[in-house]
Each structure stands twice: as C-alpha cells, then as structure tokens.
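Work through the exercises below with the sequence and the model open. Try each task before reading its solution.

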Amino acid sequence: MNQNPAIRTRFAPSPTGYLHIGGARTTLYNWLFARRHGGVFVLRIEDTDEVRSTEASVTAILDSINWLGLDWDEGPLDLEREKGGSGSYYQMKRLPLYQEHVRRLLDAGRAYPCYCTKEETDAARKSAIANGGTRPEDPCRRLTQAKRREHEAAGRKPAVRFIMPDEGETVVEDLIRGRVRFENRLQPDLVIQKTTGGPTYNFACVIDDHAMNISHVIRGDEHLSNTPAQMRIYEALGWLPPKFAHLSMILGPDGTKLSKRHGATSVLDYRDRGFLPEALVNYLALLGWSTSDSRQLFRPDELVAAFDLSGCQKNPATFDPVKLEWMNGEYLRGLAPAEIVSRARTFLEAAGFVPQPPGPPLERLAAMEREKFKLLKDVPERLAFFYRDVEFSEQAWGKVLAAPGVKDVLLGLVELLDRFEPFSDKALEAAIRGFCASRGLKPGQVFHPLRAAVSGRTEGPTLFLMLELMGRDMVVGRLRAAAARLG
RNA sequence: GGCGCGUUCGUCUAGCGGCCUAGGACGCUGCCCUCUCAAGGCAGAGAUCACGGGUUCAAAUCCCGUACGCGCCA
C-alpha cells in the first residue's frame, strides 16, 4: 500500500487509568482506517488533568496497544522517548501552544475571561433550566473593564470562554451519522482555559489535531455534542476542521455504559486471562462494525483490507464475553501445537510447566487437547494431571470409581498393562477392548473407570493416546493407587 | 431542563422501497459422529423489524409524532 500522507488519524487517551475496552476499540478503528488508506496513526497523551494523570497509566496504555498488535507512527515510545515530527505528544509539554492560541482568541474578541465561580455557574444554569432550559447567558460575556478590574483586584482567577454565535447553526457532517445540526443559540460558551491556566480537553484537542494535521477524528459518541463548539474554534482560528466520525458506545449486559461493575474492562485483564490479542481485536472490530456478508472471522490484515467507516453502526453495542470466548477458542484451534505452547508460556510458567517438566512433551499434549482450549490459561489447567498427582473430581471419585466392580476392573487392567508392549495408542486400544470382551464388559464399563483412575476426571483427552503419552509407569501406578484407595 | 444520538431474534449484526413467508454469527435445544469432554456436521426454537400515524400500487427500509435508552451541557 502506498503511503498516503493526507490520511492522519489519532487516538488521544487521558492517562487516568488503564486502557479499557471502549478505548481499545477506538484505537483499533483509528489504526484500521489509517492502515487501510496507507495513512499515519498518531498516539497523543492528553495528560492535562494534573490530578488524575499518572505515568503508570501511560505505561499501561502503551503496553495495551502494543499487546493488541497495533502500532503507531508518531507518539511516545515510553515515558522518555517519542517519535514523530510534531514536537512532544504529551499535552503537558505543549502548554505554551494552547496559551498562545487562547491569547489569539482573546485578542480577536472571540473569547473572554469568565470570573464566575462554580457556584455561580451552577446557579445560572439552574435558573436557566427553570426558565425553559435554554442556554444560560454568561454574566461575564459583557463585563465592563471596571468590573473586570474589580474581579482581578479581588484575586479571582478567570477561566476563558469561547464565544458561540447567537444565531445560525453549526452543521457537523459526520462520516457515520450523517448530517447533524446544532442551533448555535443553544450552545453554551465553551470554557477553553481553566482557572489554573491549563487548556480544557475540547480546546487542547482542537489545537493539537490541527497542529498534528489530523485528517480524520474518529472518537466516541460522547464527543459528538462538543463537536459544533470545536468546529467554531477551528473557524475562529482560520483553520479547516478535520472530518469527524463518532462511534457508538459499548454497553454492559445491563444496557448501561460498560464499566468496571461489569467485570473486566481493562485490555490488560484480557491478556492476563488468556485471550489472544488477535481474537480480542477481531471481536472488537465486530462490535459496531460489520461487512454486508456478516462475516465473523478476520485476521488483523484482513481487517485492514476490509475496514470501512460506512460499515460502522450508529447504535450502541452490548459487549458479549461469551462470544469473545468462542472467538478466542476459534483462534486457539487455528494455532499449531508448538505455537499454542509458546503463546501460553506465561501461564505454563506460572503453573510450573515451563521449562518442560519430566513427563510427556507439552507440544504433544497441546496437539491432543487443542480443540478444548478456550483461553490460554486452560492450557496448564487441562494438562496439569500429566505432571501432578491426580486429584479426583467429585464425579470421578463419587460416581464412576464408586460403581460396583470397579476395583476388580482396575486390578485386571494393572495385570494387563504392567508388562504391556508396545505401550502405544493403537495397541492399547486393541488390548483393552479385548479385555472388555474377555470379561463380558461393555467398553464403557472399563473406559470410564480407567479414565477416572488415571486422570481423576470424567472428561478429558482421547483415552488411548492419553495412556500412551502418560507412559506405562504412570498409568499402572495410578491404577494401583486408585484400586488401593478403593479399599 | 435543553440539545444531540439511537431503537431488526437474549446478544453482535445483514438489510439502504418490491429479491424479506427478515439472512448470518454467538448462545440455546435436538440429532449425527463418538471411549468422555470438546471440535465438526445437520436440524430446530428464537425478531408482528420499539409504538402510533402518514407517503406509496408496495415500507424494516422514506416523513412526522410518542415512548424508552444513552450522551453532552455537568
């Protein structure tokens, strides 16, 4: 794909916490759009909230995006290093730029200092609501010089508000929602600089999107209502606004905005629970976007080729962890056994199975159990009994092994298998089926207790291959132990 | 309170005026396969397209209201 410098997208998170599912989807769509069109994807850290921003959050966000397999062309590489031609991508390092533009608007008479306290603003709003809910007339908009000096003398620090026009309308041509109209007289004068001197989100983001030459602002629905004011700021500064695309929200199962209450919402939690990044990416891509054939499975490169803003949904989507798990299983099943082992490495390490413990090779076990895994953490869980002492499940011990005649069956199997050669899948199956026949037992009467005695479970790998991989010593030892324990 | 956005199976969605007796996917149920569990295959249940009015020969699709949900102003 050719480079297309005209297409520039960005993701601009506030580092006030981890990267959550919604932010991840926004990142993904911006990334997909940029990659699809050979453009540039920018990452910018909006850390102007000095109280809540933390370095740990920056690191978590960077780690999350990296883990998802999404890369950015400009932005921070870590807490110290950055790449890209726009100076810093941390807003706290760009403060002079915002102040300079606030000054410009002030000088041009497009903004004014507002000395109202929070209480006064609240009161004004309340009375406006009581009077039919139109825009509260900001008392500072027509402040006399004398009054201003009075406030200054009283030590009041002003915020700066941008003047919205009193008539006409502002039209947002949204790439997803179409034409959205806003009456200017109903738009409040937006605060662009806080009393602390720092820029507000809505202002800094306009200045930076312009400075960084962003062509397409793809962001969450919650910003749609602020867009007309932002467009007016572009206009007041003599700039052309970028194109906008507002994504619908992601909801929890109860229909409210997805949040911590609904369980894991951090991208890193999904990593730690054993999801594959390509599965999460695939799932997230489909939460609010689809192709006309309703195709479900897309590898990342296929997403890049297929992604299109016109396929984006206007209505909010409910996050469905069950479907995500299905999709993860789908990807896991598609991996080669060696790949499963290497991708599950941290989980296997935590369980003490990496480096490879004595016993059957992990890779062969992974091959045998591949279609059972839904999460990477299932890998050590499903394989544990090959390396650890048997723990009997309630079903296995209480029902299967407790059935009448089981002890004899187990002892018979001990006798059969003690010197059995070759200890292989096929030979074992033939011999054990023969054992059933000679004793007049149905296969199930032998297979089930055998599985339970050897693995402690009533479900698991295909029986004879499991025996082969365990090896004779383990199988016979476990049969003896189970028989002894039966008394 | 105002403004904005939204509303198709439980969930994600297809649908852009006739192909819709509404298609696909997850989940669910049943059957097949089978040494268990999965995976896979097949079949099925599941949406009067939020509701009410229009426009039209014809509407899930266009228009207007209402309700509900969400967002922004906060």
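**Exercise 1.** Does Leu77 count as buried, partly exposed or exposed, and why?

*Solution.* Start with what kind of model this is: it is predicted, local features need pLDDT of at least 70, side-chain atom pairs count only at pLDDT 80 or more, and totals for chains, interfaces and linings use all residues. Residues are numbered from 1 along each chain as its sequence is written, while chains are lettered from A and ligands numbered from 1 in the order in which they are written.

Step 1: apply the rule. A residue is buried if 20 or more other C-beta atoms lie within 10 Å of its own, exposed if 12 or fewer, and partly exposed in between, with C-beta atoms placed from the backbone.

Step 2: take the count. Leu77 has 13 C-beta neighbours inside 10 Å, so it counts as partly exposed.

Step 3: place the residue. Leu77 sits in the loop between β3 (75-76) and β4 (82-83). Helices (H or I, at least four residues) and strands (E, at least two) are DSSP runs numbered from the N terminus.

Step 4: list its contacts. Two residues are in contact if their C-beta atoms, placed from the backbone, lie within 7 Å. Not counting residues up to four places away in sequence, Leu77 touches Glu82 and Lys83. His101 is 24 residues from Leu77 along the chain, and their C-alpha atoms are separated by 28 Å.

**Exercise 2.** Carry out the same analysis for Gly22: where does it lie, and what is it in contact with?

*Solution.* Step 1: Gly22 belongs to helix α1 (residues 21-36).

Step 2: Gly22 is buried because 22 other C-beta atoms lie within 10 Å.

Step 3: leaving aside neighbours within four places in sequence, Gly22 contacts Gly220, Met249, Ile250 and Leu258. The C-alpha atoms of Gly22 and Arg219 are separated by 10.0 Å, with their positions 197 residues apart along the chain.

**Exercise 3.** Which residues of helix α6 are buried, and which elements do they pack against?

*Solution.* Step 1: in α6 (residues 201-211), the buried residues are Phe203, Ala204, Cys205, Val206, Ile207, Asp208 and Asp209.

Step 2: they pack against α3 (95-107), β9 (191-193), β10 (216-220) and α7 (227-236).

Step 3: look past the helix end. Asn213, in the loop between α6 and β10, has a positive phi of about 60 degrees although it is not a glycine. With 15 other C-beta atoms within 10 Å, Asn213 is partly exposed.

Step 4: turn to Ser294, also not a glycine, which has a positive phi of about 60 degrees. Ser294 is in the loop between α9 (277-285) and α10 (300-306), and it is exposed, with 7 other C-beta atoms within 10 Å.

**Exercise 4.** Describe the sheet that contains β9 and the hairpin formed by β7 and β8.

*Solution.* Step 1: two strands pair if DSSP finds at least two bridges between them. The open sheet has three strands in the order β5-β6-β9, with antiparallel pairing.

Step 2: β5 (111-114) and β9 are at the edges, each with a single partner strand, so one side of each is left without a neighbour in the sheet. From one strand to the next the twist averages 40 degrees; axes are lines fitted to C-alpha atoms, for helices over the stretch in contact, and angles run from 0 to 180 degrees between N-to-C directions.

Step 3: β6 (residues 159-162) is joined to β9 by two bridges, and Val160 stands opposite Gln193 in β9.

Step 4: β7 (residues 169-174) and β8 (residues 178-183) run antiparallel, joined by six bridges. Three residues lie between them in the hairpin, and Glu173 has Arg179 in β8 as its bridge partner.

**Exercise 5.** Locate the cis peptide bonds at Pro355 and Pro422.

*Solution.* Step 1: Val354 and Pro355 are joined by a cis peptide bond with omega about 5 degrees; Pro355 lies in the loop between α13 (345-351) and α14 (362-369).

Step 2: the cis bond between Glu421 and Pro422 has omega about -15 degrees, and Pro422 is in the loop between α17 (406-417) and α18 (425-439).
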